[in-house]
Each structure stands twice: as C-alpha cells, then as structure tokens.
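I am opening a notebook on a structure that is new to me, and I want to keep a record of what I looked up and in what order. The entries below go from strands to rings to helices.

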Amino acid sequence: MTLTEEHINYIIKDIAYRGIVDEDLGEELVDHICSLVEGKMETGMRFIEAYDLTIKGFGSESRLQELQDQTIKYSNNNTKIMVKNYFKIAFRNLVNHKFYSAINITGLGISMACCILISLFVIDELSYDKFYTDADRIYRINSDIKFGENEFHFAVAPAPMGPALLEEIPEIESVVRFRSRGTYLVRTAEAVESIKENNLIFADPSFFTLFGIDMVEGNAKDALTEPMSIAISQSIAKKYFQQNDPLGQILILDGDNEFHVTAVYQDIPDNSHFKFDFIMPLETLEVSKDQIWVSNNYFTYFKVREGVNPNQLDIKINKMVEAHVAPQVKQFTGNTMDEFHSAGNYMDYKSQPLSKIYLHSPFNFDIGKTGDITYVYLFLIIAIFILVIACINFMNLSTARSANRAKEVGVRKVLGSYKSHLVRQFLTESILISLVAFLFSIVVVNIALPFFNELSGKSLSIPFNQPLYYLVFIATALFIGFLAGVYPAFFLSSFRPVNVLKGKLSLGSKSGLVRSGLVIFQFAISIILLIGTVTVYRQLQFIQNKKLGFNKEQVLLINDSYMLDDKLQSFKDEILKIANVKSATISGYLPVSGYNRSDQTYWPEGKEPSQDNLISMQNWKVDEDYLKTMGMELVWGRNFNKNLASDSNAVILNEKALTAFNLDNKNGTILTFDFNSNTGDIIPNQYIKYHVIGVVKDFNYESMTQPIGNLSLHLGRSSSTMAVRLNTVDFQESINSITAVWKEFAPELALNYKFLDSAFEDMYRSEKRLASVFTVFAGLAIFIGCLGLFALAAFMADQRTKEIGIRKVMGASVKTIVFMLSKEFSKLIILSFIIATPLAWWGVTQWLSKYSYKIDFGVEVYILSGLLAFIIAWLTVGYQSIKAAISNPVDSLRSE
C-alpha cells in the first residue's frame, strides 16, 4: 500500500478540527503531524510538507509500512466518523435554531403532503383501464362527422359497423358493441319492491372474452348467447341472492321483463371507464339488427391481432365505412360521396386506445365516467409550484442567515476543511430537515386524505403495504433535501476565511438579488393560483346566475314515472290537486344532462332534402304543460292543444332553429324523413310534414361548454320522467303529499325523485371540485410563502436591530421604521404581480375557451388577486416590522 497525500490530509484535518488522537496510530507519526499542524497552520503548504516529512522521517521501511497500513485503516474509518459528525452537527443546528427549523419543516412538510396527495390522485387517474387483459390491443371507435352546418363528435358508431369490422378487416381479432338504455327497476321473482339500478348494459356475447373479465360462475363464451339471459357482477349476486346460487334464477326488470341469470363475473374495478353490474345480450334489442350506416348509437370496441399498426388500420376502417355509407348517403341526400365531400362534409372514424379513453374523451355523452387530462396536468403543476415555494423558503432563509454562519465556515476552512466537506455538511442539514419534514407530511396526509377524497370524489389510500412506495417517497425526500440545500451549500461554503475572520464579510448584491428573485418567483406563483381560483369561482357564479331560458327553481323531478304505465295521466291529475303543486308535465326530455335526447334531420318545405338544406335538430316529445312547468317563454305563436288533432303534426321551434330554417313566415312548414318501423330504413320519397305553431325563447339544455343548438318540441308521449312545479317554502310537506299519492298508484315502488336545480348543479360537479381544490392549494401556497416571508422578515429585522435602535434614538417614529422595513418586500410583491398577470391571463383564457358562455374577464379580477396577495404579504411582514419598531432601543444598544 502507498501512503497518499489524501490519507495525510484526513489525519491532519481530523486532529486539528476534532482534537482527538487515535491510539492505533504510531505515536511518532501523530506527534510529527501535530507539530506540523501547529507550526505550519498559516502557510497553506502543510499537507505537502506533512506528506514529505512523514515519508522521510522514519528510517525503517518495515516501520514505515506499519505506519502506512495504520494510516490507511484510520482514513477509511474516518469517512464513517465524518458522516456521523455531519448528522450530529446538523441535528445540533436544527435544535439550536428552533424557529427557523420549524418554518422550514412546516413549509416542506405541507408541500410534501400536497405532493403525496396529488401524486395519489394522478396515479389513480393514469391507471384507468390498464388492468384489462391485452389492454394495449383494445381500441374504441370514435366518430367525427360534419354534415352541412352541423358538426358531431361521438364515442359511438353505426350498428352494422361491429360485424363488418370482424368480417372485412382481417387485422381485427374480435369486436363488441354496447348499447345503454338508461336505468331499470330490478327485483327478484320473490321480491315485492324493485330497486333502481343504473349500471345496466346490452352487449354482444364477445364482451367477456374481449376484455378478459374473469367469471365466478358460468361460461364466458355462452353467458350472453340467449336473448333473455343476463350476467351479473359478484356484488349484485350477493345483493339479490345472498348465499343462494344465482345461476338459473330470475331477475325481473321494469316490472314484467324476466331475465335468467346465466353467469356471475368478478366486479369490474373502480379504475375502469365503464362499470356494469348487469349485462344483457344486445340481441334482445331488435334495433341492434338494423343496417343504417348514417346513424351512430353503439359503443364499439375491437381487439387487434398482435403486431397490427392501428394508424394504418384507421385508413382501412374509413374505406370500409365509405363503401357501406355511399348508397345510404345517395338515398338520404341525393348526392354521391364525391359530391358529399366536395361540399365540405365528412365522416371520419378513429380508433382510440383503451388506456386513453378515460382522460381523452371530450364527448357530451359516454358509456361511463371520464376524466380530463387537463386537470391531471393542472394538479401536477400545482404540486410542483407548492414544492418550489417551500424550497425557495429554505434557500432564502439559509442564504439570509449566512452572516451568522460565516465565522463557522471561516474557522472550519482554517482548520483544514475542504469546500467539498462543507458542502456535504450543509447538504446533510437540508436532507435531515427534508427527512423530518417527510415524516411530518405522512402525518398530514393521513389527516387530510378523507377530506381530499371528498373533494376529488375518489377513495384514495396510502399504499403502506407496497415497499416500492416507501423507496419512492424516501428517494423523493432525499432529492427535495438536495434540491433545497444545494444552492445554500455552495453559497455558504464559498466564503473566504481571511475576510470572514477579519470581520470583512460582505455578502454583496448578488445574494440579495438571488433572494429577491426567489421571493418574486414565489409570490408570482401564489398570485397565479389566486387569479385561477377567483376565475373558477366567478365562472361558476356566472353559470348559477345566468338566465337559462327556463326556471330551474322549485321543480321536482319524479323519475321512473313510466312504471305507472296507463295510470300515469291519472297520477298527474291527482298530483295537480295538491295545494302546493302549481303545474306538472310528463316528459323525459329535460334541459339538464342525463335525460332523453333525440336527433333528427329536417328541411324547409319547398326545398329538396339535399346536403345544403338538411338541418340537424333536437327532437323533443313533450305535453301541453311542458312550457308552463319549465318556465319557458313563448316569444311567438301558441302552445300545444291536445284537443286539436292537427297538433299531432305541429312543432314549436327555438329561436336558433327558426334562424337556421330561415323561415320568413314563422307559420311555416318543415319536413323530415319517414322510417320503416320494422327495419328502421328510410322510406323513399315519403316525408312527414310539421307545421310551425310557435317559437320558444332559446334555452340552455346542455352544459355551458356547448352553444345552444337547434331544437324542436313535438306533442307526444315520453313517460320516463314527470316534472312538478311547486309553490312553497315547505318542500318536505309537498314531497310527503306526492309520496302518499305515488304509494296509492305503485305501492311496491319507492318514489325516486330529485330537484331540477340539483340536477343542474350536477352538470358542473367537476368545475366545483376544481374550484375547491384550487382554493385549498392556492391557500396552502400562500400560507407556505407567507411562512418563509414571515421568517425572512423576522431575520432581516433582527439583523437591523442596532440600526433600528439608533434611528429610534435619533427620533424616528414607529410608522417610519415600519415603512422602511416593509418597503423592500412591498416592491417584490408588486414585481411578482407584474410577472404573474400575463401568465395568469394566458392560463385562464385557455381554461375559459371551452365554455360557449363565460364571464367577461376584466382587469378587476387581476387587481383583486394582486391586492389580496399584497395585503396578505404586507400583514405578514408588517407584524415583524411593527414588533421591531416598538422594541426598546436600550435593549439593542446597551452593549455599544
């Protein structure tokens, strides 16, 4: 072994700094090195001389070898001792400076807790549908259609497309179609009362094999082959049949439809974009056999064979569709496909990967719940912002307190410490604070998780049983400690010991500029979050208060009214006898999401049904009391009259439709196609005429993200829902009266109701959650920023204690001193506002762009947010400034 200069350096530094002598070292070597340390401390050449003299100072090579071996052994042990000392000194500093340690630990701990909560949310959002067998080979067909002035974006495809995909495209291995028909009332053959169930679907027999869903009982291939069979989830089997064998049992849907249970499958996990508890054969629905290619109603999924490129597959799918669509387009519009395309129309079908459906499906209607990738990105950005704010606090406090540790750095350097060792020491301190903050964050997460679940609408939990998460969390804590401490470590270790020990330390303007820049960045983030919060709340308030074209207040919706069948009209008549009932209407078409919709194509009389004249329009069936109950305004014409036979072919248009038809005479006529009731095909040259008898004022019937579309009201029967307008302050009394009447007509069914304003609010649930999350995280960001500002102001006031004392002795008022101490921070907040404003403007403009109806975004939002941030920051700094200003100058100047 060779005794190197590095080994000698370790020994000299350790002896000089720690003042210890290791008994394992030769006494002569120790004495010799100690004398060198004492005599050559100021020369800066002691390491070279120590190495040279040590090698030459011993005569015996065997003795030298022994001392070399002992020295190397000591230097290896010394590294462990130094690491131990790093943590010992770091812990000592942590305890000695409790105030600043508490600020750093609280800020970092809360920010880490926010990051953990958001990471749990993001991981859950990104995990959707990835558990399915061969998920990477499963796709869904989506459609983009433009026809005339109408554009449609659907998650559905034509009924015949599924079988055609399997037959005509060899790259496709299997196909399954879904069709939802709303809610059903379900009971067993023995039960009296029915239970309303939402998660029912009609599907092709290939459902279980395509998605690889495990069966508990029954056979996956045969489960859906019989028309009146039904497969149920494991939880539903327990719910309806308890411990009995469900196979072969009967479930009765909507009072008279008997289905035989043929299979029980494992519950579909929550992180699936669809969740069905009842699956019935699609063959049960006669309409599933139609061959109409220009009508899109079926959710269609397919699995490709291994190695297939889905991008090339889309080209084949669209060629196949065009071949089938061309004859029907010719029949429908009288145009060839070339003429259809040359007019700017298109039918474009795209395959969407299963794993992207949940977060990348901006459709009005989908098969199940969907998320939004924008919110995932937004939450990640918020988490990063909050973490950066906490790290900035640490950096600012560390650099601001640099004068207090300058002499420590100087003495250590004189006693032999390298810059690299000082960097390690300061990084150890920051990592120790980060680890303590991490433990604190785990406590915060456990407390906050139930509230966060309520905000996000999820059931998240910390995966304590997975070791990988521990490794990730600890590694993240170490990284945050390194990130927060790396700049202060290099900054503090760069002091020149000669200047420090002579009392000539000058931090210069550079550190002050960096610290100011960090404060500006910190509060710019806080102001951006504040502006975002105010914007979301104002948009929600705008939605709540906007004139919708109908009155959503005091309207009770009675769902499942169709179960009364031919007794429904009698029930309505009885309801109208209740004192607090103002009016009632029977219609499943309501101006909130989740209720009936029907699209149909019309054209004005006197024109041919060509692509230039066809207008797509919502086609709602209502009764004569609909307008009155919904509080809609008839701007021209008259309402329906059930006693007039001609009103069966009457129509009331909204203002948008009237404009689209360009009817000079409002009392005009519009036409639509007639369809074969058995096959669903268009009957050539046979049309249905509707006479316009009135125009209703435009009303919003979808989310505010969608513009008001063309809509027509027809006198007809749609019995799924009854809406009852009340005129009372005692809603419970009215509900009790209506329930009593309901029980007279349907004693075996519970009354299922909700209020229209509640259904309206459900449309904006995600926006409300976003507003709540924004408020919480913006508040936390400002709180963490103010923690750092509070500590920084306290330290700066402490540094200027003598200056403040002298100023007070010279006659300065408290007001003058407070202004002096707060002025610098006030400038920084103003600069933060100037930087944050354009960035916030861009962000909120992007978010509001998805709304067709939105707030007029004026400067008052920015001014309000900036003032709020300024006031909060000034109060934070002002407290410390006032505390310093009212202190007794005698205390600060007694030793001068």
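**Entry 1: a strand and its surroundings**

I began with strand E15 (residues 581-586), where five of the six residues are buried, so the strand is largely enclosed by the rest of the structure. I keep in mind throughout that this is a predicted model.

Next I asked which strand pairs with E15, and in what sense. I found strand E23 (residues 721-726), which pairs with E15 in the antiparallel sense over five bridges. To fix one point of this pairing for myself, I looked up Thr-585 and noted that its bridge partner in E23 is Ala-723.

**Entry 2: the sheet**

I then followed the pairing outward and arrived at an open sheet of four strands in the order E15-E23-E14-E24, with antiparallel pairing. The edge strands are E15 and strand E24 (752-755), each of which pairs on one side only. From one strand to the next, I noted a twist that averages 20 degrees.

At the other end of the order I checked how many bridges join strand E14 (residues 555-559) to E24. There are four, and the two strands run antiparallel. Here the residue I picked out was Leu-557, whose bridge partner in E24 is Lys-754.

**Entry 3: aromatic rings**

Turning to side chains, I recorded a count of 33 aromatic pairs, taking rings as paired if their centres lie within 6.5 Å. One of them is formed by Phe-207 and Phe-208, an edge-to-face pair with 5.1 Å from centre to centre and 85 degrees between the planes. I also looked up whether these two residues are buried or exposed. Both Phe-207 and Phe-208 are buried.

The two belong to a cluster linked by ring pairs, whose members are Phe-131, Tyr-132, Phe-178, Phe-207, Phe-208, Phe-211, Tyr-265, Phe-274, Phe-276 and Tyr-301.

**Entry 4: charges over rings**

I looked up two places where a charge sits over a ring. The charged end of Arg-177 sits over the ring of Tyr-298, 5.8 Å from the ring's centre, while Lys-552 lies over the face of Phe-760 at 5.0 Å from the ring centre.

**Entry 5: two helices**

Last, I asked at what angle helix H6 (residues 161-168) and helix H9 (residues 310-333) pack. The angle is about 120 degrees, and the axes of the two helices are 11 Å apart. That angle makes H6 oblique to H9, and I noted their crossing as right-handed.

Key. Residues numbered from 1 in each chain as written. Predicted model: local features only at pLDDT ≥ 70, side-chain atom pairs only at ≥ 80, totals over all residues. Heavy atoms only, no water. Buried < 20%, exposed > 50% of the residue type's maximum accessible area, 1.4 Å probe, protein only. Pairing = 2+ DSSP bridges. Phe/Tyr/Trp six-rings, centres within 6.5 Å; stacked < 30°, edge-to-face > 60°. Lys NZ or Arg CZ within 6 Å of the ring centre and 35° of its normal. Axes fitted to C-alpha atoms, helices over the stretch in contact; angles between N-to-C directions. Parallel < 35°, antiparallel > 145°, perpendicular 65-115°, else oblique. Left-handed = near helix turned anticlockwise from the far one by under 90°.
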